[in-house]
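Student: I have a structure to study and some questions about it. Can we go through them one at a time?

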Amino acid sequence: MTALSAGLVGLGGGSALAAPHALPASGFAKPLPAHVAAPYFEAWTGESPAALAAASGNKYLTLAFLQTATAGSCDTYWNGETDQPISRKTFGEDIATIQARGGNVIPSFGGWTADTTGTELADSCTSVDAIADVYKSLVTTYGITRIDLDVEGDSIDNAAGIDRRNKAIAKVQRWAERTGRSVQFSYTLPTSTKGLEANGLAVLQNARDNGARVDVVNLMTFDYYDGATHDMAADTETAAEGLYGQLAALYPKKSPKKLWNMIGVIEMPGIDDYGPEETFTTQNAVTVEKWAEAKGVNTLSFWALQRDNGGCVGTGGSDSCSGVAQDTWYFSHVFERFARH
């Protein structure tokens with residue numbers, strides 16, 4: 001999906017930042033709650049995630065994206081930009097400010113651009129240990145407790161990359177257990193209206209076979225590109241129900257409650273990349289939020305925070321506005337209700 005890609009450069013932003021977050025007495029950050037709303041933040045725009053989180057009322061954000069600067073490398077940067085390494089100098093103060101408010105961020109690897117240029121970390125780097133070390137560095141540098149892996153485009157069919165990624169996840173989980181840390185991993189995958197396609201399911205099957213625990217599977221419930229006119233809320237529900245059945249087959253010992261709590265959905269508010277036939281309306285947001293509460297899903301998210309305004313009615317697939325008439329931060333405010341339950 002072209003929405004989950006590096007896009008237009010927006011206006012810079014900023015805010016007065018709080019002092020660095022003091023971690024709990026254990027020295028490690030707390031895991032995310034069982035129900036979290038964490039819209040994507042387009043990290044390439046020059047804006048402050050802490051400022052936009054405060055303005056929109058979001059406690060949690062998914063920061064997109066991390067990738068290598070060139071194919072074949074293991075060196076990982078925000079947005080693939082070599083002047084934006086994983087360090088306190090890059091987003092460190094913003095993340096600390098969000099944590100000081102009681103929230104956190106979820107760093108996300110991949111996205112359409114990285115997944116189609118060989119710069120997604122596990123596609124680019126052939127060392128499982130090096131991949132695992134990058135994941136660990138996010139935990140130790142920023143005090144985060146969940147890492148998201150956006151696998152689509154070419155990456156979802158790259159068997160070697162899939163296997164390396166899952167082996168690295170398993171390594172990090174063993175490290176976290178030894179050191180008393182909480183580290184979750186989520187996969188973000190494209191979906192049909194009935195659940196994962198075979199290649200998406202294969203990613204999870206490989207994780208299981210490698211002993212890698214997948215904590216959350218986020219479905220990208222947009223950009224179906226099937227030529228149909230969609231009720232995007234209804235299709236979110238059928239996609240998630242399909243995934244529930246797939247997860248039940250993969251993990252037959254898990255209870256229904258635990259299976260639903262492995263599921264997340266990512267919407268694209270307003271008109272998605274395909275066009276008006278795939279419009280996630282303001283009423284769809286209300287419907288999905290109530291459904292997510294009732295089912296007990298884990299994560300509600302959307303692409304992307306910078307789109308959560310009505311500044312370009314009628315425009316599809318913009319990185320800076322939804323394309324529908326709405327109040328600014330409308331979708332954030334609706335999904336934030338989910339996090340209270």
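**A strand, a cavity and two disulfides**

Tutor: Start with Ser301, which lies in strand β12, residues 299-302. Keep in mind that this model is predicted.

Student: Is Ser301 buried or exposed?

Tutor: Look at the relative accessibility of Ser301, which is 3%. The cut-off for buried is under 20%. Ser301 therefore counts as buried.

Student: Which residues does Ser301 touch, leaving out those up to four places away in sequence?

Tutor: The contacts come from several parts of the chain. Among them are Ala38, Pro39, Tyr40 and Thr62. The others are Val265, Ile266, Glu267 and Phe335.

Student: How many cavities of 30 Å³ or more does a search of the whole structure find, and what is the volume of the largest cavity?

Tutor: Rolling a probe the size of a water molecule over the atoms shows where empty space is left. Here the search of the whole structure finds one cavity of 30 Å³ or more. The volume of the largest cavity is about 40 Å³.

Student: Which elements give two or more residues to the lining of the largest cavity?

Tutor: Take the lining first: Ala38, Tyr40, Thr62, Ile106, Arg146, Asp148, Ser186, Asn218, Thr299 and Ser301. Now look for elements that give two or more of these residues: they are β6 (146-150) and β12.

Student: How many residues of each class are in that lining?

Tutor: Sort the lining of the largest cavity by class. Three residues are nonpolar. The rest are five polar and two charged.

Student: Which strand pairs with β12 over four bridges?

Tutor: The pairing is in the parallel sense. One bridge joins Phe302 in β12 to Glu267. The strand that pairs with β12 over four bridges is β9.

Student: Which residue stands opposite Val265 in β9?

Tutor: Turn to strand β8, residues 216-220. β8 pairs with β9 in the parallel sense, over four bridges. Standing opposite Val265 is Leu219.

Student: Why is β9 described as largely enclosed by the rest of the structure?

Tutor: In a regular strand the side chains alternate between the two faces of the sheet. On one side of β9, Ile263, Val265 and Glu267 are buried. On the other side, Gly264 and Ile266 are buried too. β9 is largely enclosed because five of its five residues are buried.

Student: How many disulfides does the structure hold, and what is the pairing in sequence order?

Tutor: A disulfide is a covalent bond between the sulfur atoms of two cysteines. The structure holds two disulfides. Number the bonded cysteines in sequence order, and the pairing is 1-2, 3-4.

Student: How many residues apart in sequence are the parts tied together by Cys74 and Cys125?

Tutor: A disulfide joins Cys74 to Cys125, S to S 2.0 Å. Cys74 lies in the loop between β3 (60-68) and β4 (76-78), and Cys125 in the loop between α4 (121-124) and α5 (128-142), so the pair ties together parts that are apart in sequence by 51 residues.

Student: Which of these two cysteines is partly exposed?

Tutor: Check the relative accessibility of each. Cys125 is at 0% and counts as buried. The relative accessible area is 28% for the partly exposed one, Cys74.

Student: What is the torsion about the S-S bond of Cys312 and Cys321?

Tutor: A disulfide joins Cys312 to Cys321, S to S 2.0 Å. Cys312 counts as buried at 13%, and Cys321 counts as buried at 6%. The disulfide is right-handed because the torsion is about 110°.

Conventions. Residues are numbered from 1 along each chain as its sequence is written. This is a predicted model: local features need pLDDT of at least 70, side-chain atom pairs count only at pLDDT 80 or more; totals for chains, interfaces and linings use all residues. Side-chain values use heavy atoms; hydrogens and water are left out. Buried means under 20% relative accessible area, exposed over 50%, partly exposed in between (1.4 Å probe, protein chains only). Contact means heavy atoms within 4.5 Å. On a 1 Å grid over the protein atoms alone, a cavity is a set of points where a 1.4 Å probe fits but cannot get out, and a pocket is an open set with protein on both sides within 12 Å along at least five of seven lines; lining residues have an atom within 4 Å of a point. Grid points are joined across faces, edges and corners, and a volume is the space filled by probe spheres set on the points. Ala, Val, Leu, Ile, Met, Phe, Trp, Tyr, Cys and Pro count as nonpolar, Asp, Glu, Lys and Arg as charged, and the others, Gly among them, as polar. Two strands pair if DSSP finds at least two bridges between them. A disulfide is a pair of cysteine sulfur atoms within 2.5 Å.
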